Amino acid sequence: MDLATLRARAPLFLAVFIDIFSFGLMYPLIVALFGGGWVAETYAPATRDALLSLAFALFPIGMFFGASLLGDLSDALGRRRTLMLCMGGLAAGYALMWAALEIGHLWLFFLGRLACGLMAGTAPIAQASVVDAAPEDQRSAAMAQVVLVNTLGMVAGPAIGGVLGHWDFRLPLGLALALCLVTLALLRSAHFASDEARRVLKLDWKQPFLLLVRIGDRPAILLPGASFFLFQLGFLIYYTFILVEMQGSYGFSTAELGLFSMVMGIGCAISSAWGFRTLRARFASDKPVTLIGLALCGLFVAASALPIPAAGQVALAFLSTFSNIFAFITLLTAISSSVDESERGWALGVANAEVALSVFVAGLLTSLLTLFSSDVFLLLGGLIVLTSLLPAVRMRVAG
């Protein structure tokens, strides 16, 4: 990517970074907030556990509705304008959570979490913007640029959130709010994408539930969409339960869990910057890269259920995320290429809604830990990722 293109896309990349950065930023903050302080003094332990689950659940619920609605909006109003809406909404969400800590009203915190989930749509819009400007044979490489920015945010978010939250819960919220406002100002004068309408605006709160009907009318998206959902569900089950495993079976502290999460993010970042490009250069199309990524990721995730030393789990975490990127990039490219330009934002919004649903389901499964050990769920995650090979083998992927 040349310097001029990088400058033009810098506000777009910053918006993507802020989205995933602020998402990861909240995880250590939420755990600490509901585990002590004024929340612990106000609510009984059982109530705190329910409130903690609600704090985590509200974001994917909002994301499920917002992903498809914002994807449609970007197709109708333009990518840049919709990204500005996302940044403004995220800023409002973090302002509400800041106010909740200042005045001690937890309902404002939950409202802010829901607002942030509804506005967490920058990734599919940015992906659509990049793909719009890329020739068909370069779309996966263009998608990799956005994914790389995502992974950098994934590495930085939990680490910075944990450090700042250790001093004051309001600091990470203030940082996220400031970054959203700066990005909003930069997007206002950005020129990375045109703002022409690609189709007539038509929004409906029932849209996420109508996606299945709409997908049925576009059979080309069925196979990559099914593979992507199974892949994300299996991996997010792993992402959720490997932290439980590292804490329960290996005695990792909160700081060590943060470093463990950083190793996973580093695996994504290295693969996005180097691994994917190297593997893709060996093949004439994206499909072999997809199949290799799904197979390796599934095997590494399943292997984490074995009784191995902590160092082995760290290595598997790195390898699982490193191989994850191969399939993540190519499946998103396949989904975006399965529709024409006028519906590309909608298609990638569908993928984002699938991620939200996967996060929600993985979170619900934690309630079964009293019945099954985390090893069972790690094995289940690996098997589900391997199952995603079935639709992937049958799909046609852009070359």
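Helices here are DSSP runs of H or I with at least four residues, numbered from the N terminus, and I keep to that usage while reading this predicted model.

Entry one, Ala-295. I looked up its place and found Ala-295 in helix α12, which covers residues 287-303. Is Ala-295 buried, partly exposed or exposed? Its relative accessibility is 25%, and since buried means under 20% and exposed over 50%, Ala-295 counts as partly exposed. I then asked which residues it touches beyond its neighbours within four places in sequence, and noted Leu-386 and Leu-389. For Leu-386 I also looked up the separation from Ala-295, which is 91 residues in sequence and 6.0 Å in space, taken C-alpha to C-alpha.

Entry two, the core. The largest nonpolar core has 100 residues, and I wrote down Phe-34, Tyr-94, Phe-109, Phe-228 and Phe-231 as those with the most contacts inside it. Helix α1, residues 3-35, gives the largest share of this core, with 12 residues. I followed Phe-228 further and, setting aside residues up to four places away in sequence, found that it touches Phe-328, Leu-331, Leu-332, Ile-335, Ala-351, Glu-354 and Val-355. As background, I recall that nonpolar side chains tend to be buried together in soluble globular proteins.

Entry three, the surface. Which residues make the nonpolar surface patch of about 340 Å²? I found Val-163, Trp-167 and Leu-171. Leu-171 lies in helix α8, residues 170-188, and with a relative accessible area of 40% Leu-171 is partly exposed. Patch residues need over 30% relative accessible area, a cut-off that I checked against the 40% of Leu-171.

Key:
Residues are numbered from 1 along each chain as its sequence is written. This is a predicted model: local features need pLDDT of at least 70, side-chain atom pairs count only at pLDDT 80 or more; totals for chains, interfaces and linings use all residues. Side-chain values use heavy atoms; hydrogens and water are left out. Patches are made of residues with over 30% relative accessible area and no salt bridge: like charges are joined within 9 Å, nonpolar side chains (Val, Leu, Ile, Met, Phe, Trp, Tyr) within 5 Å. Accessible areas come from the Shrake-Rupley method with a 1.4 Å probe; for residues, only the protein chains shown count as cover. A salt bridge is a side-chain nitrogen of Lys or Arg within 4 Å of a carboxyl oxygen of Asp or Glu. Helices (H or I, at least four residues) and strands (E, at least two) are DSSP runs, numbered from the N terminus. Buried means under 20% relative accessible area, exposed over 50%, partly exposed in between (1.4 Å probe, protein chains only). A nonpolar core is a set of buried Ala, Val, Leu, Ile, Met, Phe, Trp, Tyr and Cys residues joined through side-chain atoms within 4.5 Å. Contact means heavy atoms within 4.5 Å.
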